[in-house]
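Please look over the chain shown here before reading the notes on its surface, its fold and its nonpolar cores.

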Amino acid sequence: MADLIKRALTRRRKSRKVIAAEDEPNENLVLGVKFAIGMTVCLSALEVAHMVFLGTWNSEIFAGITVLSGTIVGLFVGQKA
């Protein structure tokens, strides 16, 4: 999975349909994305458990999922620009 994240965050500069250079992301950025993905999965599992056992929707947990998802998408879009 580390290679997949690193490859997705790698910038590729092209000139005349040939890859001229690749800029690999910082290792701290890759670790941060891994952490954010892991926390999103954990919060999703927590929301499912909350709904199964208590039978109610928790908007605070969903807000955390939304924030982390937005952060991950923002990192991918910002890194490519």
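**Surface, fold and cores of the chain**

The protein chain exposes about 5800 Å², of which carbon and sulfur atoms supply 66%; accessible areas come from the Shrake-Rupley method with a 1.4 Å probe, and for residues only the protein chains shown count as cover. This is a predicted model, in which local features need pLDDT of at least 70 and side-chain atom pairs count only at pLDDT 80 or more, while totals for chains, interfaces and linings use all residues. Residues are numbered from 1 along each chain as its sequence is written, and side-chain values use heavy atoms, with hydrogens and water left out.

**Fold and shape**
- Along the sequence the protein chain follows the pattern α-β-β-α-α, where helices (H or I, at least four residues) and strands (E, at least two) are DSSP runs numbered from the N terminus.
- The C-alpha atoms fill a box of roughly 55 × 20 × 20 Å, taken along the principal axes.

**Burial and cores**
- Buried residues, meaning those under 20% relative accessible area (1.4 Å probe, protein chains only), make up 22% of the 81 residues.
- The largest nonpolar core, a set of buried Ala, Val, Leu, Ile, Met, Phe, Trp, Tyr and Cys residues joined through side-chain atoms within 4.5 Å, has six residues: Ala 36, Leu 43, Ile 61, Ile 65, Leu 68 and Ile 72.
- Two or more residues of this core are given by each of α2 (27–54) and α3 (59–80), and the largest share, four residues, comes from α3.
- A second, separate core of five residues includes Ile 5, Leu 9, Val 30 and Val 33.

Definitions and conventions:
Buried means under 20% relative accessible area, exposed over 50%, partly exposed in between (1.4 Å probe, protein chains only).
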